[in-house]
Amino acid sequence: TDLTQVAAMRAEVRNTGSWEGEVDAVRKDGSTFPAYVRNVRIDGPAGQFQGDATVSVDFTERLAAENELRAARDYMRAVADSMAEGLCTLDEHGLIVFLNTRAEELLGWMTEDLLGEDLHGVLHHSHPDGTPFTESECPFVEAIL
């Protein structure tokens, strides 16, 4: 972090009692790394400012793992969206967490509209406008045929 940022952090610590955030920290050799920093104010017995304590954590590995997960998610989304079949992903409770493009077309809903909804209720009870499906027009039955 540059000296201006350090001065701003210390001023915040003196004024509010703490500061926390992500910074680009600098190693002894001059290279940088992403770090989470928390500074807290330390007062003496009379309540006067004595200094501040800083804890920082290098989260280079966490960022790399997040980037890998993001790339894997983007790849899986590209594969799912290129499928001709409707694909719906559920959580452990049977609630919708993802629909690919074809599933959105079949159901007439966007993923954002159905997040956290029960798949059975979506497929068998009503159209987006609230009118009930007949068995012959159930999107699930149509997808199978």
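**Exercise 1. Place Val57 in the fold and on the surface.**

Start with the secondary structure: Val57 is found in strand 3, which spans residues 49-58. Strands here are DSSP runs of E with at least two residues, helices are runs of H or I with at least four, and both are numbered from the N terminus. This is a predicted model, in which local features need pLDDT of at least 70, side-chain atom pairs count only at pLDDT 80 or more, and totals for chains, interfaces and linings use all residues. Residues are numbered from 1 along each chain as its sequence is written, and side-chain values use heavy atoms, leaving out hydrogens and water.

Next, take the accessibility: Val57 has a relative accessible area of 46%, so it counts as partly exposed (buried is under 20%, exposed over 50%, partly exposed in between; 1.4 Å probe, protein chains only).

**Exercise 2. Decide whether Asn39 is buried or exposed, and list its contacts.**

First, locate the residue: Asn39 lies in strand 2, residues 32-43. Then read its relative accessible area, 5%; Asn39 is therefore buried. Finally, look for its partners, leaving aside residues up to four places away in sequence: Asn39 touches Val13, Gly17, Ser18, Trp19, Asp52, Ala53 and Thr54 (contact means heavy atoms within 4.5 Å).

**Exercise 3. Describe the chain as a whole.**

Begin with the elements: there are six helices and five strands. Along the sequence they follow the pattern α-β-β-β-α-β-β-α-α-α-α. Now turn to burial: 21% of the 145 residues count as buried. To finish, among contacts with a separation of 6 or more, 16% come from residues 24 or more positions apart.
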